[in-house]
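Q: I have a sequence and a structure in front of me. Can you show me how to read them, one feature at a time?

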Amino acid sequence: MMTPDQQRKTLEAAAKACGFKKWRVLTSGLFQVSNNENWNEAFAKWTGWNPLTNSGDTAEMCAKLEINHEHHSDYIQCLWAPQETYRVITMLKDHDNSRLKAWMYAATMVAAKIGGYTE
């Protein structure tokens, strides 16, 4: 289980890897990203983004960063395809035996590592 601080750091690093220009966490805990070319806080267009909990965000992130995944009987493995430098294996039992949750976690951790996250 991730602490709120670990989750924030993971999402920040993944957002960086995806090329988002700015990100923030609202007091409600919602993580948002923005990609405005000419940054102006007053006119920023923020979008909720969380590949740890939103499979659509995870799929887009994987496509953009070329993160591959393999499903096995009791674990999911994700790895960064271009260099196979970053690999994350996560057990299904650690994610309520949900392949979807395990995939979202493993893929986000790979993206975070691409963005400079260290555990």
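A: Gladly. Keep in mind that this is a predicted model. Let us begin with a pair of residues in the sheet. Val-25 stands opposite Phe-31, which belongs to strand S2.

Q: How many bridges join S1 to S2, and which way do the two strands run?

A: There are 4 bridges between S1 and S2. The two strands run antiparallel. Strand S2 covers residues 31–34.

Q: In what order do the strands of the sheet come?

A: The order is S1-S2-S3. These 3 strands make an open sheet, and their pairing is antiparallel.

Q: Why is one side of S1 and of S3 left without a neighbour in the sheet?

A: Look at how many partners each strand has. S1 (22–25) and S3 (47–48) each have a single partner strand, so they stand at the edges. One side of each therefore has no neighbour in the sheet.

Q: Which strands does helix H1 touch?

A: Helix H1, residues 4–17, packs on the sheet and touches S1 and S2. Compare directions too: that of H1 makes about 20° with that of S2.

Q: Next, charges. What can side chains of opposite charge do?

A: They can pair when their charged atoms come close. Here the count is 5 salt bridges. Take Asp-5 as a case. Its side chain meets that of Arg-8 in a salt bridge, 2.6 Å from N to O. Asp-5 also forms a salt bridge with Lys-9, where the closest N and O atoms are 3.4 Å apart.

Q: How far apart along helix H1 are Asp-5 and these partners?

A: Count along the chain. Asp-5 and Arg-8 are 3 residues apart in helix H1, which means about one helical turn between them. Asp-5 and Lys-9 are 4 residues apart in H1, and about one helical turn separates them as well.

Q: Which residue does Arg-8 meet besides Asp-5?

A: Arg-8 meets Glu-12 in a salt bridge, at 3.0 Å from N to O. Arg-8 and Glu-12 are 4 residues apart in H1, again about one helical turn. Now put the pairs together. Asp-5, Arg-8, Lys-9 and Glu-12 are linked in a network of salt bridges.

Q: Which accessibility class do the residues of this network fall into, taking them one by one?

A: Read the relative accessible area of each. Asp-5 has 37% and is partly exposed. Arg-8, at 29%, is partly exposed. Lys-9 counts as partly exposed at 39%. Glu-12 is partly exposed with 23%.

Q: Last topic: cysteines. How many disulfides does the structure hold?

A: The number is 0. Cys-62 is in no disulfide, and its nearest cysteine sulfur, in Cys-78, is 5.9 Å away.

Q: Why do Cys-78 and Cys-62 form no bond?

A: Check the distance between the sulfurs. A disulfide needs the two sulfur atoms within 2.5 Å. The sulfur of Cys-78 lies 5.9 Å from that of Cys-62, so they are too far apart for a bond.

Q: Is Cys-62 buried or exposed, and what about Cys-78?

A: Cys-62 is buried, with a relative accessible area of 9%. Cys-78 is buried too, at 0%.

Technical notes: Residues are numbered from 1 along each chain as its sequence is written. This is a predicted model: local features need pLDDT of at least 70, side-chain atom pairs count only at pLDDT 80 or more; totals for chains, interfaces and linings use all residues. Side-chain values use heavy atoms; hydrogens and water are left out. Two strands pair if DSSP finds at least two bridges between them. Contact means heavy atoms within 4.5 Å. Axes are lines fitted to C-alpha atoms, for helices over the stretch in contact, and angles run from 0 to 180 degrees between N-to-C directions. A salt bridge is a side-chain nitrogen of Lys or Arg within 4 Å of a carboxyl oxygen of Asp or Glu. Buried means under 20% relative accessible area, exposed over 50%, partly exposed in between (1.4 Å probe, protein chains only).
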